[in-house]
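Here is a set of exercises to work through with the sequence and the 3D view open. Try each task yourself before you read the solution.

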Amino acid sequence: MSDLIAQNLATIRHRIAQACEKAGRAETDVSLVAVSKFHPIESVEAALKAGQRLFGENRVQEAASKFPELRKSFPDLRLHIIGGLQTNKATDACQIADMIESLDRPSLSDAIEKGVQKAGRLPELLVQVNTGDEPQKSGVPREEADAFIEASLERFGAKIRGLMCIPPEDEDPAPHFRLLRDMSERHGLPVLSMGMSADFETAIAENATLVRVGTAIFGARPAPQS
Ligand SMILES: *Cc1c(COP(=O)(O)O)cnc(C)c1O
């Protein structure tokens, strides 16, 4: 399993390099977030041994059960919370994450502000935009996004690094990536988190700086623990 993860990582890094070259971008402009949700700690360790340092987890509780221990051996490890975040998990998220990619509503901003006081640290933040306006999905609705980004910048300043989106599964992702890119340019934000296993090359062509890849590195996800 460990070899397979190392191989998969090498393949993905190579594909990222190729996509950057094709887009006329520097390879160093794109960082790979290895999404380890539902995978055991051994899988994360295999990726760490293969040189991967940046990870994404959806659930705060699961992240808290895996990563603080690993940080002791790998102090340069970085963790992003990428899933929809409940307000009652905001303090824990502030405690363990280097970046929260899923800021999407004022009540969560309030909870993060309180969490920062308790945790004594404020992770970097991305605003998640629901580019497809899908009712079941997290993310600020498209219409409200510009105003929410401005309010978030006023509130958190430079800690707001950029934007994140997850396009609808059954649509061409490119227009969604383009929409997010335009939005980030309007607000002068440097980080664009977009693209997953199936579409990260398309996202790189649209200026993604973070691609979140799970399945193509760790394989199919086991059922969640709870
Ligand atoms: C699970 C997940 C990913 C990874 O998806 P894959 O298709 O397995 O690469 C990326 N982003 C978010 C927000 C996720 O929840």
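**Exercise 1. A salt bridge between two helices**

Is D146 buried, partly exposed or exposed? Then find the partner of D146 in a salt bridge and say which parts of the chain the pair ties together.

Solution. Keep in mind that you are looking at a predicted model.

Step 1. Buried means under 20% relative accessible area and exposed means over 50%, with partly exposed in between. D146 has a relative accessibility of 25%, so D146 counts as partly exposed.

Step 2. The side chain of D146 meets that of R186 in a salt bridge, at 3.0 Å from N to O.

Step 3. R186 belongs to helix α7 and D146 to helix α6, so this pair ties together parts that are 40 residues apart in sequence.

Step 4. R186 has a relative accessible area of 53%, so R186 is exposed.

**Exercise 2. Two further pairs**

Which residue forms a salt bridge with E57, and which one meets E113? Work out whether each residue is buried or partly exposed.

Solution. A general idea helps here: side chains of opposite charge can pair when their charged atoms come close.

Step 1. E113 and R155 meet through their side chains in a salt bridge of 2.8 Å, N to O.

Step 2. Helix α5 (residues 106–119) holds E113 and helix α6 (residues 142–156) holds R155, so the pair ties together parts that are 42 residues apart in sequence.

Step 3. The relative accessibility is 33% for E113, which therefore counts as partly exposed. For R155 the value is 32%, so R155 also counts as partly exposed.

Step 4. E57 is in a salt bridge with K66, and the closest N and O atoms are 2.6 Å apart. Both of these residues, E57 and K66, are buried.

**Exercise 3. Counting and linking**

How many salt bridges does the structure hold, and which residues are linked with R178 in a network?

Solution.

Step 1. The structure holds 17 salt bridges.

Step 2. R178 is linked with R181, E185 and E206 in a network of salt bridges.

**Exercise 4. A patch of charge**

Which residues gather in a patch of negative charge on the surface? Where is D170 found?

Solution.

Step 1. The patch of negative charge on the surface is made by E169, D170, E171 and D172.

Step 2. Follow the chain to the loop between β7 (160–164) and α7 (174–187), and you will find D170 there.

Step 3. The relative accessibility of D170 is 70%, so D170 counts as exposed.

**Exercise 5. Two cysteines**

How many disulfides does the structure have? Explain why C20 is not bonded to C165.

Solution. Start from the general meaning: a disulfide is a covalent bond between the sulfur atoms of two cysteines.

Step 1. For a disulfide, the two sulfur atoms have to be within 2.5 Å. By this rule the count is zero.

Step 2. The closest cysteine sulfur to that of C20 is in C165, 17 Å away, and this is too far for a bond. C165 is likewise in no disulfide, with the sulfur of C20 as its nearest cysteine sulfur.

Step 3. Now look at burial. C20 counts as buried because its relative accessibility is 0%. C165 is buried too, with a relative accessible area of 0%.

**Exercise 6. Positive phi values**

What is the phi of F38, and what is the phi of N207? Place each residue in the chain.

Solution. As background, most residues other than glycine have a negative phi.

Step 1. F38 has a positive phi, near 70°. F38 sits in the loop between β1 (31–35) and α2 (41–49). Its relative accessible area is 18%, so F38 is buried.

Step 2. N207 also has a positive phi, near 85°. N207 is placed in the loop between α8 (200–205) and β9 (210–213). With 26% relative accessibility, N207 counts as partly exposed.

**Exercise 7. Distance along the chain and in space**

How far apart are the C-alpha atoms of A10 and I217, and those of H176 and R53?

Solution.

Step 1. A10 lies in helix α1 (residues 2–23). A10 and I217 are 207 residues apart along the chain, and their C-alpha atoms are separated by 9.2 Å.

Step 2. H176 is in helix α7. H176 and R53 are 123 residues apart along the chain, with 28 Å between their C-alpha atoms.

Step 3. Finish with accessibility: A10 counts as partly exposed at 42%, while H176 counts as buried at 6%.

Terms used
Residues numbered from 1 in each chain as written. Predicted model: local features only at pLDDT ≥ 70, side-chain atom pairs only at ≥ 80, totals over all residues. Heavy atoms only, no water. Patch = residues over 30% accessible without salt bridge, like charges linked within 9 Å, V, L, I, M, F, W, Y side chains within 5 Å. Areas by Shrake-Rupley, 256 points an atom, 1.4 Å probe, with all protein chains shown as cover. Salt bridge = Lys/Arg side-chain N within 4 Å of Asp/Glu carboxyl O. Lys, Arg positive; Asp, Glu negative; His and termini not counted. Charge placed at Lys NZ, Arg CZ, Asp CG, Glu CD. Helix = DSSP H or I, 4+ residues; strand = E, 2+ residues; numbered from the N terminus. Buried < 20%, exposed > 50% of the residue type's maximum accessible area, 1.4 Å probe, protein only.
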